[in-house]
Amino acid sequence: MKIINFIASVDMRQGGPVEGLRITGEELGQRGHVVEAASLDDPAADHVARFPVKTHATGPGMLRGRVVPGFSRWVREHADDYDVAVVHGLWNPASFGGHGALKQSGLPYVVFSHGMMDPWFNEKYPLKNVAKQAFWLAIQGPVLRDAHSVLFTSEEERRLARTSFHRHDYRERVVAFGAADAPDRPAAQAEAFAAALPELSGRRYLLFLSRIHPKKGCDLLVKAFAATADLQPDLDIVIAGPDQVGWRAELEPLAASFGIGSRIHWPGMLEGDAKWGAFRGADAFVLPSHQENFGIVVAEAMACHTPVLITDKVNIWREIETSGGGLVETDTEAGIERMLRAFLALPTAARREMGERAREGYERFFGTGAAAEDLLSVLHEAIETGTR
């Protein structure tokens with residue numbers, strides 16, 4: 001099977017969708033399928049060359065508010081080279097720019113919404129929501145309507161999506177979504193993390209590893225840690241990830257105002273062994289998000305036997321509760337404080353047991369094999385019922 005993926009960018013700093021493409025691309029490639037991508041990236045960008053899935057970078061997707069035709073033209077010229085397409089995400093030219101060419105060619109396709117139909121965005125940004133509703137009716141909705149399936153990675157995501165946009169029917173499907181297992185080289189990973197953050201000096205820490213963005217609730221973590229920091233003076237916080245909106249400039253003074261500035265560390269984006277070393281060495285992984293479709297980093301932490309502390313706005317929270325591999329609370333300052341206090345009160349043996357249950361939960365819910373099987377099943381159906 002030849003599979004083409006449409007995605008805005010293959011820059012790993014963009015988070016979940018591109019990481020999901022990397023994981024499924026490598027897994028399906030090992031099974032003998034040809035997996036490629038088409039993106040809006042600059043063809044000369046370093047991250048395009050580094051990305052392990054062959055990528056056809058067609059150039060920036062927007063120029064002075066107008067769609068640049070390069071992506072649409074590429075789809076029109078190459079649709080017949082593939083058996084099926086996977087569209088990743090919404091609200092960008094990679095998700096709708098090839099729609100006409102797909103219909104013309106008869107290339108069957110599915111759409112991963114990647115949480116981009118969550119009603120949180122409508123409530124948080126009401127003015128943008130007005131524009132999105134109009135855009136949905138005219139452009140984005142028909143893309144989902146004409147897809148073989150719109151794919152959700154949890155029942156929670158599917159349930160929430162139903163409340164966001166109307167007037168276009170589409171076929172729903174919940175599929176497994178895998179996260180990479182931790183490579184088995186813990187000593188090298190610990191060494192790489194120590195080199196990336198020498199000022200931590202072997203202190204215990206809780207880990208946040210994701211984009212530093214208001215959606216992720218980093219301010220809640222800072223405030224909750226300030227309220228609980230005296231409970232365990234040997235415990236620090238590591239906030240790792242790309243700061244694409246400049247939020248760190250506000251968070252650091254906030255931490256300093258509480259007198260905990262020296263106990264919060266900012267190593268930037270961690271990759272490879274350094275990332276896995278950070279997961280392995282943490283007392284727990286914390287993701288206090290206001291909205292999170294899947295949270296690949298949650299599953300990665302679980303793969304490392306690390307307990308996870310998340311909110312009920314992370315759409316896999318039910319799987320976390322079922323596994324016993326972490327704690328779940330509300331996405332409020334009080335909720336995050338309660339969660340930290342509950343975790344810090346656990347005896348060492350209970351934390352270790354939670355870590356073991358986290359690993360078992362990863363194997364049960366988030367392994368890459370199940371995700372590949374689910375996606376392959378959907379893609380075979382799309383090809384069999386396609387219009388070609």
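A disulfide here means a pair of cysteine sulfur atoms within 2.5 Å. By that rule, how many disulfides does the structure hold? It holds 0. Keep in mind that this is a predicted model.

Let me stay with the cysteines for a moment. Take Cys-218. Where is the closest cysteine sulfur? It sits in Cys-304, 20 Å away, and that is too far for a bond. Start from Cys-304 and the closest cysteine sulfur is the one in Cys-218, again at 20 Å. Both residues are out of reach of solvent by our cut-off, which is under 20% relative accessible area for buried. Cys-218 is buried at 0%. Cys-304 is buried too, at 5%.

On to the cores. In general, nonpolar side chains in soluble globular proteins tend to be buried together. In this model, the largest nonpolar core has 93 residues. Which residues have the most contacts inside it? They are Leu-207, Phe-279, Phe-285, Val-298, Ile-310 and Ile-320. Helix H13, residues 296–303, gives the most to this core, with 7 residues. Another core lies apart from it, with 30 residues. Leu-40, Leu-102, Leu-107 and Leu-144 are among them.

Let's zoom in on Ile-310. Leave aside its neighbours within four places in sequence. Ile-310 is then in contact with Leu-287, Val-298, Trp-317, Ile-320, Leu-327, Val-328, Glu-329 and Met-339. Val-298 and Ile-320 in that list also appear among the residues with the most contacts inside the largest core.

Now the charged side chains. The count comes to 30 salt bridges. I'll show three pairs and one network.

Pair one is Glu-156 with Arg-318. Their closest N and O atoms are 2.3 Å apart. What does this pair tie together? Glu-156 lies in helix H8, residues 155–161, and Arg-318 in helix H14, residues 317–323, so the bridge ties together parts that are 162 residues apart in sequence. Buried or exposed? Glu-156 is buried, at 9% relative accessible area. Arg-318 counts as partly exposed, at 42%.

Pair two is Asp-181 with Arg-359. Their side chains meet in a salt bridge at 2.7 Å, N to O. Asp-181 is in the loop between strand E9 (172–174) and helix H9 (186–196). Arg-359 is in helix H16, residues 348–365. The two parts are 178 residues apart in sequence, and the pair ties them together. Asp-181 counts as partly exposed, at 36% relative accessibility. Arg-359 counts as buried, at 15%.

Pair three is Arg-351 with Asp-283. Here the closest N and O atoms are 3.6 Å apart. Arg-351 is in helix H16, and Asp-283 is in the loop between helix H12 (272–281) and strand E13 (284–287). This pair also links distant parts of the chain, 68 residues apart. Arg-351 counts as buried, at 14% relative accessibility.

Then the network. Which residues does it link? Salt bridges link Glu-155, Arg-158, Arg-162 and Glu-172.

One last residue: Lys-275. You will find it in helix H12. Lys-275 counts as buried, at 13% relative accessibility. What does Lys-275 touch? Not counting residues up to four places away in sequence, Lys-275 touches Leu-209, Leu-270 and Glu-300.

To recap: there are 0 disulfides, a largest nonpolar core of 93 residues, another core of 30 residues, and 30 salt bridges.

Methods. Residues are numbered from 1 along each chain as its sequence is written. This is a predicted model: local features need pLDDT of at least 70, side-chain atom pairs count only at pLDDT 80 or more; totals for chains, interfaces and linings use all residues. Side-chain values use heavy atoms; hydrogens and water are left out. A nonpolar core is a set of buried Ala, Val, Leu, Ile, Met, Phe, Trp, Tyr and Cys residues joined through side-chain atoms within 4.5 Å. Buried means under 20% relative accessible area, exposed over 50%, partly exposed in between (1.4 Å probe, protein chains only). Helices (H or I, at least four residues) and strands (E, at least two) are DSSP runs, numbered from the N terminus. Contact means heavy atoms within 4.5 Å. A salt bridge is a side-chain nitrogen of Lys or Arg within 4 Å of a carboxyl oxygen of Asp or Glu.
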